[in-house]
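Please load the model in a viewer that can select by chain and residue number. The tour below proceeds from one chain as a whole to an interface, then to a sheet and finally to a single helix.

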Amino acid sequence: MKLNLKIWRQNGPSAPGNFVDYHVDHVSPDMSFLEMLDVLNVSLVNKKETPIEFDHDCREGICGSCSLMINGNAHGPETGTATCQLHMRRFKEGDTIVIEPWRAKAFPVIKDLSTDRTAFDRIMAAGGFVSVNTGNAPEANSILVGHDTAESAMDSAACIGCGACVASCKNSSAMLFVSAKVSHLAQLPQGHPERAKRVRGMVTQMDQEGFGNCSNTGACEAACPKEITLENIAQLNREIVRAVFKD
Amino acid sequence: MAHLKTFLKSSVGRKFLVGLTGLGLSGFVLTHMAGNMLMFVGPEAYNTYGHKLTSTPLIYLAEAGLLAMFVVHMGLALKLALENKQARGTGPSQNASNCEKNARFGSRYMALTGILVLAFIVLHLISFKYGTYYSVNYQGVEMRDLHRLVVEKFKSPLYSGWYLFSMIVLFVHLAHGFSAAFQSLGFFSVRNCLIKKIGWAFALLVAGGFFIQPIYGYFYGGN
Amino acid sequence: MLDSKIPSGPIEKKWTQRKFENKLVNPANRRKHTVLVVGTGLAGASAAASLAEQGYKVKVFTYHESPRRAHSIAAQGGINAAKNYQNDGDSVQRLFYDTIKGGDYRAREANVYRLAEVSVNIIDQCVAQGVPFAREYGGTLTNRSFGGTQVSRTFYARGQTGQQLLLGAYSSLMRQVGDNTVELFTRHEMLDLITVDGKARGIVTRDLKTGEITNHTGDAVILATGGYGNVFFLSTNAKASNVTASWRAHKRGAYMANPCFTQIHPTCIPVSGDHQSKLTLMSESLRNDGRVWVPKKTGDNRGPLEISEDERDYFLERMYPAFGNLVPRDVASRAAKRMCDEGRGVGSSKLSVYLDFAESIQRMGESKVREKYGNLFQMYEKITDENPYKVPMRIYPAVHYVMGGLWVDYNLMSNIPGLFVLGEANFSDHGANRLGASALMQGLADGYFIAPYSVGNYIGGEKLASIKSDHEAVKATTQAVKERIESFKKVNGNQSAETLHRKLGKIMWDHCGMARNEKGLKEAIQQIKTLKEEFWSTLWVPQDDRCLSSEIEKAGRVADFIELGELMCIDALERRESCGGHFREEMQTPEGETLRDDANYSHVAAWEFMGDKPKLHKEPLNFEFAHIAQRNYK
């Protein structure tokens, strides 16, 4: 399979960027999207050209590193799929594929397709935890959590922190990411003592990082590789109102 | 108190207020539409209703409340929209992004439809509230003949056209806004099909109710 | 002579004894001591958080953009603990014994016992952090069973247990970052260890965003830098997983123990072509409900659904009736390889076997199967484009984990004082084969419950003068790192590090993989030496190293992998016995099982770096408490 690629190249955070055209031949339908880029990069090195930087690591859809806008869709055309799990069989001979980095003010480009998502870490540091020192924990079965509650908390906890929600949102809002953590811990008894403090801390930090506001467009949910739902955002909205009256 | 301040300063808190005032305004348009339906009963019912509304002193309180809701709703929403534009930053995806396409239809145009609705309201107030004062007398009570003014206006194709267009805009605004407000308040999620349907139904009811009035006025002239 | 510093006394008292003997540091003094933690996986994040909670000043380094991206996140199946919640006869003693036996009697007894002992605390800690483990309807924790055991002791969060445990440890770490007790350096790769007077006192790092080389000094260094399975190029490890931190420490004097002990995991998605960049694991938990089979006939080209029940060979159930599909990983992998060698492999490459869920779907219904394994099935379908609810999965063994690593004593300190090694990076607990769901257990045991005591003991017992960055040793090590990066640029050939890495991987897989023999290993050593020359004459990296440059990162890692590969072959050659994942074809029972040589090889092989000729140090393994026997899963 032969493909035309339009790839965003940018030398550094403050350098101007532009699209560069590449042609790749011999793309096998069994290749993953990132393997296709690997092959391109090896061929660039063979010509002593600087290869394209992109974030990736586990390549099984769980580490959250990969982050490509493919033809304007975060993580490409397939739903519930991270870029690394996207395979070339989803494309056809002669296709032109536009590849860009995540775009949001809070995610500055480091180089080419690689962006800086440390804003997410700072939001987590502002409250995305249960304060329990090592050694402080009670016997595990002394905390009972119903089967359905545990499953629902797990649905929220499945977030991989890739930032597709931000990239796909016309407002660059981080609400889906933040709400997934807030609602994971709000559903479990372990999270209750710090419930109000957590949501206040995380939302304040989110605003400071320069993410936009949620306007309930639902684009994040559509792009999320782990299919985290908008119900989490509704829960966050409840949590923050509740937090007005609680310490 | 400190928590309330944190809440009101946060993006989520402000969005909450936009949702809350939005629902308040939705309530207003619904009653307004329902009241106007008296047009189909006849000029007397229509004018008497208007007269009763405006002759109570409570009207000033209601108008002040309404104005406050408008100001909060629009002020905060526009500020949030500007922030959102900023948060998007500048970057590669400007041209090729599907972000807009992925967003729910109504949600993409909330600021635009909101501004159009505002323009409509301003013109609407000029045309009616501050429009020509015709007088009429029913059973010895002197009152404003609003019905005559309305019919007169609707006779103009230009005016009716603008009115109909505005109602479509209002429909788009409400179709997303009504259900999204519930999401912003944390009651339901817009994923919830029921609330989505209720939102559409509400928008259809309100905008549709208003929509048939100029048509009726234009063709039948209220006779 | 290697001193493992095992406490005296009965095995169940050893850890209590050691905790009591340990020297302590006054809480007010702790903040005067800096601990450098490299790596933010389960072991690193948990150690860093716990030490910061105790009051130490902690600096944490990761080459990832966020601590949460560490490869622990990809562990799927679960974590073992001797809670005996299922009332099926589990105990600390049994977990200890299973682990020793599973490791084919090549692990250090006292360490393994301690691991089993603290396993129960790990579950308590993780639940308190909000890890959403699977639950019964009554609200208690539920378990599943895993290979190599006959009890149900594995706790899990769907097929994402590693993710949830790591996010738990990460949240504890970020809490400390928010409290300013931990300083976090992301996108910083450790490129050398600084030793002063023979003690570990600092590290040299490269900021991957800017290329800046800096040094950081402290009182102790913790390496929690994971395993080196990527020496095979194709493995289930993440792309960036590498040996560099460990190898740099090795070159500074730390011993590398049992480097050839590699785990080949039986249930991975088979290779599909030359472009393959990594292999994907399917959790071992699948073997709970999936049945492994091949056609009875060789060269059977029919599709799986056309092959009737009596034409199928459920070879694991046939060969090992007691454990069936749940035999340990090394045993299952070798059995699959044997089937393929016999010509009964399936798929277009004939290098795979079936893992069939038809019976389970019939027994418990598709929805129950979906609840248990949904995300794994989905992952399989995405990669292969086949629906595992309809046709059996195809699996083949792949490199997954390394039991070998830097040598550590009972306190998890290497032979370099002040250098601690945790998690997969050390060698200690899994012997020659690791049981499923034990890696998460070990990483967290090391990080939450062992290192915080051992590091305190070390700092409390030493008088450590403060080291500034103008110290001679610091300056020299920093300079050496800069020169090394220049040396990559100078080669100026035309091959990418990745191309060279693939070549190394092929040599390793062919000769030092699932089966090894003397001739092949000797050949491999020669081939690696040639490859090393090729590397240093044909490599190309971009000349600009003052920015993000994955080629420069890879060059450093591949250069170290090449040296490690040679040591692995030397170690495999030296160990003339078969044990666990190390299968020497010359040493096998008539049925083709591993044949240990306890008289000559019941030791840890710890290698000292000596240039071309590494020096072997042996730590004898004494089994006082576990009864040593031939492993039998029949």
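Begin with chain A of this predicted model. Of its 247 residues, 64% count as buried. The C-alpha trace of chain A spans about 60 × 35 × 35 Å along its principal axes, and the chain has eight helices and seven strands. Among contacts in chain A with a separation of 6 or more, 71% are between residues 24 or more positions apart.

Next, display chain B together with chain A. The contact takes 47 residues from chain A and 40 residues from chain B. On the side of chain B that touches chain A, two or more residues each come from helices H1 (2-9), H2 (11-36), H4 (58-88), H5 (99-102), H6 (105-108) and H9 (157-184) of chain B. Colour H4(B) separately: this helix supplies the largest share of that side, six residues. By residue class, the side of chain B that touches chain A divides into 15 nonpolar, 18 polar and seven charged residues.

Now move to chain C and select the open sheet of five strands, which runs in the order S5-S2-S1-S9-S17 with parallel pairing. Its edge strands are S5 (182-185) and S17 (419-421) of chain C, each pairing on one side only. From one strand to the next, the twist averages 20 degrees. Within this sheet, zoom in on strand S1 (residues 34-38) and strand S2 (residues 57-61) of chain C, which pair in the parallel sense over five bridges. There, C:Val38 stands opposite C:Phe61 in S2(C).

The last selection is helix H14 (residues 472-491) of chain C. What should its 20 residues span at 1.5 Å a residue, and how far apart are its end C-alpha atoms? The expected span is 28 Å and the end C-alpha atoms are 29 Å apart, which agrees.

Show the side chains of C:Val474, C:Thr477, C:Thr478, C:Val481 and C:Phe488, the buried residues of H14(C). Viewed down the axis of H14(C), these buried residues fall within an arc of 100 degrees, so they line one face of the helix. An α-helix has 3.6 residues a turn, so residues three or four places apart point the same way. To see what the buried residues of H14(C) pack against, add strands S6 (188-196), S7 (199-207) and S8 (213-217) and helix H17 (550-574) of chain C.

Then rotate to the other side of H14(C), where C:Glu472, C:Ala476, C:Gln479, C:Glu483, C:Glu486 and C:Lys490 are exposed. Finish at C:Asn492, which follows H14(C) and has a positive phi, near 55 degrees.

Note on methods
Residues are numbered from 1 along each chain as its sequence is written. Chains are lettered from A and ligands numbered from 1 in the order in which they are written. This is a predicted model: local features need pLDDT of at least 70, side-chain atom pairs count only at pLDDT 80 or more; totals for chains, interfaces and linings use all residues. Helices (H or I, at least four residues) and strands (E, at least two) are DSSP runs, numbered from the N terminus. A residue is buried if 20 or more other C-beta atoms lie within 10 Å of its own, exposed if 12 or fewer, and partly exposed in between; C-beta atoms are placed from the backbone. Two residues are in contact if their C-beta atoms, placed from the backbone, lie within 7 Å. Two strands pair if DSSP finds at least two bridges between them. Axes are lines fitted to C-alpha atoms, for helices over the stretch in contact, and angles run from 0 to 180 degrees between N-to-C directions. Ala, Val, Leu, Ile, Met, Phe, Trp, Tyr, Cys and Pro count as nonpolar, Asp, Glu, Lys and Arg as charged, and the others, Gly among them, as polar. The expected span of a helix is 1.5 Å times one less than its number of residues. The arc is that of the directions from the helix axis to the C-beta atoms.
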